[in-house]
Amino acid sequence: TIVEPGLVAINKGSNDGVKRGYTFEIYDGKVYKGQARVEFVHDTMCSAILTRTVPGQSIRQGDGAATRL
């Protein structure tokens with residue numbers, strides 16, 4: 001979900017081991033869309049700032065996010 005330009009909400013949080021500063025790769029299927037750095041962590045979700053975007057790709061609700069925890 002895009003909260004505001006450059007800020008995304010991810011449905012993983014401290015219950016999943018997420019910490020501030022972690023990075024998530026954003027994708028839709030096999031299409032890479034960018035990278036986001038976690039700034040705010042809650043129990044079941046986190047908010048992350050987009051640090052890299054792919055030209056021509058827009059990040060939308062339902063896109064996947066992966067990190068190496």
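The following legends accompany several views of one predicted protein model.

**Figure 1. The whole chain is built from strands.** The predicted chain has 6 strands and 0 helices. Read from the N terminus, the order of its elements is β-β-β-β-β-β. The C-alpha trace extends over about 35 × 25 × 20 Å along its principal axes. The radius of gyration of the chain is 11 Å, which agrees with the value near 11 Å for a compact globule of 69 residues. Among contacts between residues at least 6 apart in sequence, 50% join residues at least 24 apart.

**Figure 2. Surface and charges of the chain.** About 4500 Å² of the chain is exposed, and carbon and sulfur atoms supply 50% of this area. Of the 69 residues, 28% count as buried. The chain carries 9 positive and 7 negative charges, and the mean positions of these two groups lie 6 Å apart.

**Figure 3. The largest nonpolar core.** This core has 10 residues, among them Val8, Ile10, Phe24, Val38 and Ile59. Two or more core residues come from each of the strands β2 (7–10), β3 (23–28), β4 (31–41) and β5 (46–53).

**Figure 4. Close-up of Cys46 and its contacts.** Cys46 is one of the residues of the largest nonpolar core. Neighbours within four places in sequence are left aside in this view; Cys46 is then in contact with Val8, Ala9, Ile10, Lys12, Val18, Phe24, Val38, Phe40 and Val41. Of these partners, Val8, Ile10, Val18, Phe24 and Val38 also belong to the core.

**Figure 5. Close-up of Asn11 in a loop.** Asn11 is found in the loop between β2 and β3. Its relative accessibility is 62%, and Asn11 therefore counts as exposed, since the cut-off for exposed is over 50%. Apart from neighbours within four places in sequence, Asn11 is in contact with Asp16, Thr44 and Met45. Asp43 is 32 residues from Asn11 in sequence, and their C-alpha atoms are 9.6 Å apart in space.

**Figure 6. Close-up of Thr67 after the strand β6.** Thr67 lies in the segment that follows β6 (64–66). With a relative accessible area of 27%, Thr67 is partly exposed, because this class lies between the cut-offs of 20% for buried and 50% for exposed. When residues up to four places away in sequence are not counted, Thr67 touches Thr23 and Phe24. Phe24 is also a residue of the largest nonpolar core. The C-alpha atoms of Thr67 and Gln35 are separated by 9.8 Å, although these residues are 32 apart along the chain.

Methods:
Residues are numbered from 1 along each chain as its sequence is written. This is a predicted model: local features need pLDDT of at least 70, side-chain atom pairs count only at pLDDT 80 or more; totals for chains, interfaces and linings use all residues. Side-chain values use heavy atoms; hydrogens and water are left out. Helices (H or I, at least four residues) and strands (E, at least two) are DSSP runs, numbered from the N terminus. The radius of gyration is taken over C-alpha atoms; the globule rule is 2.2 Å times the number of residues to the power 0.38. Buried means under 20% relative accessible area, exposed over 50%, partly exposed in between (1.4 Å probe, protein chains only). Contact means heavy atoms within 4.5 Å. Accessible areas come from the Shrake-Rupley method with a 1.4 Å probe; for residues, only the protein chains shown count as cover. Lys and Arg count as positive and Asp and Glu as negative; His and the chain ends are not counted. The place of a charge is taken as NZ of Lys, CZ of Arg, CG of Asp or CD of Glu. A nonpolar core is a set of buried Ala, Val, Leu, Ile, Met, Phe, Trp, Tyr and Cys residues joined through side-chain atoms within 4.5 Å.
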